[in-house]
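Visitor: I have not seen this structure before. Please show it to me, and then I will ask about it.

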Amino acid sequence: MTLYIVATPIGNLDDITLRAINTLKSVDLIAAEDTRHSGLLLQHLGIKAKLFALHDHNEQEKSHLLIEKLKVGLSIALISDAGTPLINDPGYHLVKACRDNNIQVVPIPGACAAIAALSVAGLPSDKFSYEGFLPAKSKARQDSLAKLIDEPRTMIFYESTHRLLDTLQDMQTVFGANKRVVLAKELTKTWETIVSFTISELIAWLNEDTNRQKGEFVLIVEGHVKTDNDIDQKAINTLKLLQKELPLKKAAAITAEIYGLKKNQLYQIGLDAEQ
């Protein structure tokens, strides 16, 4: 009565782990995002197993069927088309249902495009924010990016061939042309490419050769780096509130004491706001 979350290769088939192979051989049923695609992998590994289709369009409906099979003692492996299930792939509803029904869920770790790209990006990796795919429409995409302007952690995005340039253009609009970004293309595959540029430089590089725009992409974007001139928005809001009741000089001094800032800098912000 166990659900195994099994990571599969993201390109290079040698990246399957021995534990993953043994697990897939031993379970009673394999739930797969695309049974035809996964069937090829299993054939390559010499594994004969019963497959069950579980994808974005049927997961909520079909999860209860798998729960019933688990309850009667069957063991099930969940795999996605590539990489670690649930990371921008189906599985959340099934895992949650297992947890709700006290069914054991065991991870069988392995390949993950986001982590693979982060490990070679050369950007801070001690703290990072996984953002997955951005919205398809430009307005919604820019709105999502705007919420990340002050994000200090390295950010990880997935993007597809047909939206890559549009997404980078929106990133340039929101983050600025000089934001550092690492593009990881076709990881572990024959045409694997990893490059590091500013956003404007990356757009130019991609436009030099349209073949560079084809493939599956991970974008690793540097987080916001605060400078001495940055003032927290909370401090500015406090200054504005105090200005309504107090002279600017006094309001700046109190705000500086609360937030540990330089009162002269706050005083200048107050003056600029009055103009």
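Guide: The radius of gyration is taken over C-alpha atoms, and the globule rule is 2.2 Å times the number of residues to the power 0.38. This is a predicted model, where local features need pLDDT of at least 70, side-chain atom pairs count only at pLDDT 80 or more, and totals for chains, interfaces and linings use all residues. Residues are numbered from 1 along each chain as its sequence is written, and side-chain values use heavy atoms, with hydrogens and water left out.

Visitor: What radius of gyration does the protein chain have?

Guide: For a compact globule of 275 residues, a value near 19 Å would be expected. The C-alpha trace spans about 75 × 50 × 30 Å along its principal axes. The radius of gyration of the protein chain is 24 Å.

Visitor: Which residues of helix 4 are buried?

Guide: Buried means under 20% relative accessible area, exposed over 50%, partly exposed in between (1.4 Å probe, protein chains only). Helices (H or I, at least four residues) and strands (E, at least two) are DSSP runs, numbered from the N terminus. Helix 4 covers residues 92-100, and its buried residues are Leu-94, Val-95, Ala-97 and Cys-98.

Visitor: Why do they line one face of the helix?

Guide: The arc is that of the directions from the helix axis to the C-beta atoms. The face turned away from the buried side carries the exposed Arg-99 and Asp-100. The buried residues of helix 4 line one face because, seen down the axis, they fall within an arc of 160°.
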